[in-house]
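The report below is meant for a reader meeting this structure for the first time. Please look over the sequence and the model before reading on.

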Amino acid sequence: MKEVMLDCYGEACPVPLVKAQNKIKELEVGDVLIVQIDHSCAMKNVPEWARKEGYNVEVEEIDDGEWEVIIEKSK
Amino acid sequence: MAENKKKFFDKVKTNEYYVRWGKNPYTYVTAAILLSLFQIVTFSVTRNPWGVSNAFAYWGAWVFEALGGSVDKWYFFASSGAQSILEEGFLNHAATWRNIGVITGALAATLLASGFKIKKIKSPKQIVAAVIGGLMMGYGARLALGCNIGAFYSGISSLALSGWVFAIGLFIGAIFGSKLLVKYFM
Amino acid sequence: MAEQTRTASSRRSSTRRKPKKNQIPFGLLTVAAIVLIGLWLNTRSTTIAFFWMTGNIFGYILQKGRVCFTASMRDPYLTGGTTLTRAIIIALAVTTIGFTAIKYGYSVAGLPIPGMGFVQPVSIATVLGGIIFGTGMVIAGGCASGTLMRVGEGFIMNTIALVFFVVGSLWGAHDFGWWSEKFISNGPRIFLPDIFGWFGAVALQLLVLFALYVFAERYEIKRGASH
């Protein structure tokens, strides 16, 4: 079980989502992917995608306009 | 006093109604309904639907003329309506104010949600993407006589066939754009 | 209040959280400035003041809802998601009903129908313009409204895109005479009620939108299951 950080600060839509989709495929079940974003749309579409996939998702507001989307590859 | 103010705004931050309407994003459907409502408001008051990109051509013309150019001979600005808009200047151009309003409205929403941050350029690729993408949107919008708002959203809602035809173009373009984006700009 | 729906991963995050600044006062100042500018504009022209206020409202809604017309066109292909696409379809349906009711009212009263300037000629330039615009908006990360909204959110990239959107518009306006002569002016302006009648046009359009909605949802489920 490991934690992987994906730095998407400064990336515009849809880059964070596409990167997260690609990254999660490399991970094992039980691993945690943390997507760091500052794009307010990605803060909505990344968690939405991950929830639809059935993963555990949490959005953490790190600072004004900065978020971490924490995705646990639960299956 | 300053301490009290700080406490007040910290209290606001956790207020249930603030969190629901000021902090958290709205669902896409809620926003879609609200946009529709104000489209209808706009149409019934101004007798025209919402449009965005037509004003940009005038912005370009004002800057061009300020730099010493002239657009008087251009077909696009030849009509008397276009000429009077150019003469009256941007301060008297209602659509210009609406576009600036979209910027300030979004700014207000972001600040009220305590989410404002200047997002700097991460890589030179983003500058290239913004320049090419911006130019294409500008040129394309003039060909189609509108953008995603005037030609697409307002066009289709006006029961215009042109809106649907433009939508097909947009969809094809979005596929091209996605391929380019993944290949060169990611 | 942050304790809701915590997962196993939450244990790590709280330790390194910085104290956040509160931007609400600046937000309220911005709203106050918007209102004051509105009042000033109102002394010059009520029309301009109205445009200003609706622009701000559109900006607020776009930002709060993260409404992105670009994503609604792009995501079905790129990520397989159609949530935004379906929301836009709903907006089209609701706005169609409202617009048509107003137009029909004018028609019944024997008055000239407003907003007919948005029924544009259909020509190859319409499709081509759509393709060019559609490609550009995906690359630039925002359409016309999305670019404006993201300038307000503080994106430097979209600010550059806006500048070149204006340059591109001027370029397009420069070439417009040629396009108009060759293609646009020969295109027919087709207003659907002229063909199908008022009721028929609305019914048909809502039916098409409904079919697109169902298709979009099915497509998303199917694509989600395939990987």
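The axes of α2(C) and α6(C) come within 10 Å of each other and cross at roughly 85 degrees, where axes are lines fitted to C-alpha atoms, for helices over the stretch in contact, and angles run from 0 to 180 degrees between N-to-C directions. The two helices are therefore roughly perpendicular to each other, given that angles under 35 degrees count as roughly parallel, over 145 as roughly antiparallel, 65 to 115 as roughly perpendicular and the rest as oblique. Gly59(C), Leu62(C) and Gln63(C) are the residues of α2(C) that meet α6(C), which in turn offers Ser145(C), Leu148(C), Met149(C), Gly152(C) and Glu153(C); two residues are in contact if their C-beta atoms, placed from the backbone, lie within 7 Å. By class, this contact has 3 nonpolar, 4 polar and 1 charged residues, with Ala, Val, Leu, Ile, Met, Phe, Trp, Tyr, Cys and Pro counted as nonpolar, Asp, Glu, Lys and Arg as charged, and the others, Gly among them, as polar.

The model is predicted, so local features need pLDDT of at least 70 and side-chain atom pairs count only at pLDDT 80 or more, whereas totals for chains, interfaces and linings use all residues. Residues are numbered from 1 along each chain as its sequence is written, and chains are lettered from A and ligands numbered from 1 in the order in which they are written.

Chain C as a whole has 8 helices and 0 strands, where helices (H or I, at least four residues) and strands (E, at least two) are DSSP runs, numbered from the N terminus. Of its 227 residues, 50% are buried, which is to say that 20 or more other C-beta atoms lie within 10 Å of a residue's own, while exposed residues have 12 or fewer and partly exposed ones fall in between, with C-beta atoms placed from the backbone. Among contacts in chain C between residues at least 6 apart in sequence, 56% join residues at least 24 apart.

One helix of chain C and one of chain B can be set side by side, the expected span being 1.5 Å times one less than the number of residues.

| Helix | Residues in helix | Span between end C-alpha atoms | Expected span |
|---|---|---|---|
| α5(C) | 17 residues | 24 Å | 24 Å |
| α6(B) | 19 residues | 26 Å | 27 Å |

Because 15 of the 17 residues of α5(C) are buried, this helix is largely enclosed by the rest of the structure, and α5(C) is followed by Gly141(C), whose phi is positive, near 70 degrees. In α6(B), 19 of 19 residues are buried, and just after that helix Ser114(B) takes a positive phi of about 55 degrees.

How do the chains meet? In the pairing of chains C and B, 111 residues of chain C are in contact with 116 residues of chain B. The largest share of the chain C side, 21 residues, comes from α7(C), and that side divides into 71 nonpolar, 35 polar and 5 charged residues. For chains A and B, 10 residues of chain A are in contact with 10 residues of chain B, and the chain A side has 2 nonpolar, 3 polar and 5 charged residues.

An unreviewed UniProt entry places the feature "transmembrane region" at several stretches of chain C, including residues 155-173 and 195-216; such annotations may be inferred rather than shown by experiment. Over residues 155-173 the chain is 95% helix, with end C-alpha atoms 27 Å apart, and over residues 195-216 of chain C the chain is 100% helix, with end C-alpha atoms 28 Å apart.
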